[in-house]
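This report looks at enclosed and open spaces in one protein chain, and at one pair of helices. Please view the structure first.

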Amino acid sequence: MSGLAIHEARLLGRLHALGQIGRDGENRLTRLAASDTDRAGRDALVGWLREADLDVVVDRIGNIFGIWRTHANAAEAPLLLGSHIDTVIDAGIYDGCYGVLAGLEVIETLRAAGLTPVRPIAVAAFTNEEGVRYAPDMMGSLVHAGGLSVEEALASIGTDGTTLGAELERIGYAGVAEPGFLRPHAYVELHIEQGPVLEREGVPIGAVATLQGISWQRVVMEGTANHAGTTPMSMRRDAGYAAARVIAFVNEQARKAHDPSVATVGCIAFEPNAINVIPARATFTVDLRDPDEARLAAGEAALAIFLDEVAASEGVSVSVERLARFSPVAFDAGIVALIEQAAAGRGLAYQRMTSGAGHDAQMMARMAPAAMIFVPSLGGISHNPREHTPQADLVAGANVLLDVVACLADAKGDRHGYGS
């Protein structure tokens, strides 16, 4: 779309306006799913969608859709853009929100240019992507794609004891449309990288070709509490030491594997948690991620074998709870190529890459060809008030999205890939 560009001030102004909604007395930004601050953010978004003269639809899980239809294309499957506007606690302003507002901006830019697309174009804000208050994360897109029933999702109990369905009713965002009512022709999500790669390489555009698989497990090790000073090392059943062995093991295994493999122990608790008592119980989480399914499964298998070895050698019992498991996603090769072509057409360097974080796009890829566009995230920082992407990069990413959307909205394409 030579000569066409998004309205910079409008996009950046809305991004910063939304970033002020949900601030507390200490200026921390928090919009947890279905909270009062989430309602305020949703109200602002719906207002902008209506100002753009889009049809606004809210489904039963609270997903918000702004749809641009014309009489000529109403029967066609829509091209869907989007992300989420819920946040973590003490958040930055870009994660998720950038993709939603850029999608709206693209639609407004195309309409202002007098374009009549072959198919409708819609923008979505999916409910509870972050999963801070209700589990699982990426819930709204997962329900939309058919991976979780709406009844099960609405029955989710929050960290504060509330129920998601009741809270959506309370804030006025329990819609009537059935999730999945909008089956997209394709899905494209623009997002900050949430990692350091693009900044390190000096590249403004990431064409995301794959998304890492995720395996979350909670491990509980049971030993025997005893006096730290009087119990010989040879007679201990130390759950804390057993846990330490496992933590070191998963780190070493990931370091020895291919570069994309990562492993993290993010939560740990000892009982009785006293300085002079051998831990009787250790509870910790293991987060394994890899873009290759075979390597991810091999990592899980290696962990299971090592847990058995530690249990036998340290005299502890081990139990494992599966918290989440998502297979790696390979995005549509044709859309990825279109992203690269659009970046090149704008004179922007680009890089094919893997996303290490989960996104709504991985759920939408279950029901339609999908891909993602990344822009740099300074210092690789996200989920943090210091999260920042320069304005020039935000505008560049939105313009690449504009060109990709203009192509996909005018192309028939097929389920097996664009341009392949």
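Helix 9 supplies six residues to the lining of the second largest pocket, the largest share of that lining. The model is a predicted one. The space in this pocket comes to about 260 Å³. Its lining has 17 residues, and Q253, A254, A257, R295 and G299 are the closest to the pocket centre. Two or more lining residues come from each of helix 8 (239-256), strand 8 (262-264), strand 10 (281-290) and helix 9 (293-314). By class, eleven residues of the lining are nonpolar, three are polar and three are charged.

Cavities were also searched for across the whole structure, and two of 30 Å³ or more were found. The table sets them out.

| Cavity | Volume | Lining residues | Classes in lining |
|---|---|---|---|
| Largest | about 50 Å³ | D38, R42, I85, D86, A125, F126, T127 and N128 | three nonpolar, two polar, three charged |
| Second largest | about 40 Å³ | D86, T87, V88, A91, G92, D95, E130, H383 and E387 | two nonpolar, three polar, four charged |

D86 appears in the lining of the largest cavity and in that of the second largest cavity.

The helix pair comes next. Helix 1 (residues 8-18) and helix 3 (residues 97-112) have axes that come within 10 Å and cross at roughly 145°. The crossing of helix 1 with helix 3 is right-handed. On the helix 1 side, the contact is made by R10, L11, R14, L15 and L18. Helix 3 contributes C97, Y98, L101, A102, L104, E105, E108 and T109. Eight residues of this contact are nonpolar, one is polar and four are charged.

How values were computed. Residues numbered from 1 in each chain as written. Predicted model: local features only at pLDDT ≥ 70, side-chain atom pairs only at ≥ 80, totals over all residues. Heavy atoms only, no water. 1 Å grid on protein atoms, 1.4 Å probe; cavity = no way out; pocket = protein on both sides within 12 Å on 5 of 7 lines; lining within 4 Å. Points joined across faces, edges and corners; volume = space filled by probe spheres on them. Helix = DSSP H or I, 4+ residues; strand = E, 2+ residues; numbered from the N terminus. Nonpolar A, V, L, I, M, F, W, Y, C, P; charged D, E, K, R; others polar. Axes fitted to C-alpha atoms, helices over the stretch in contact; angles between N-to-C directions. Left-handed = near helix turned anticlockwise from the far one by under 90°. Contact = heavy atoms within 4.5 Å.
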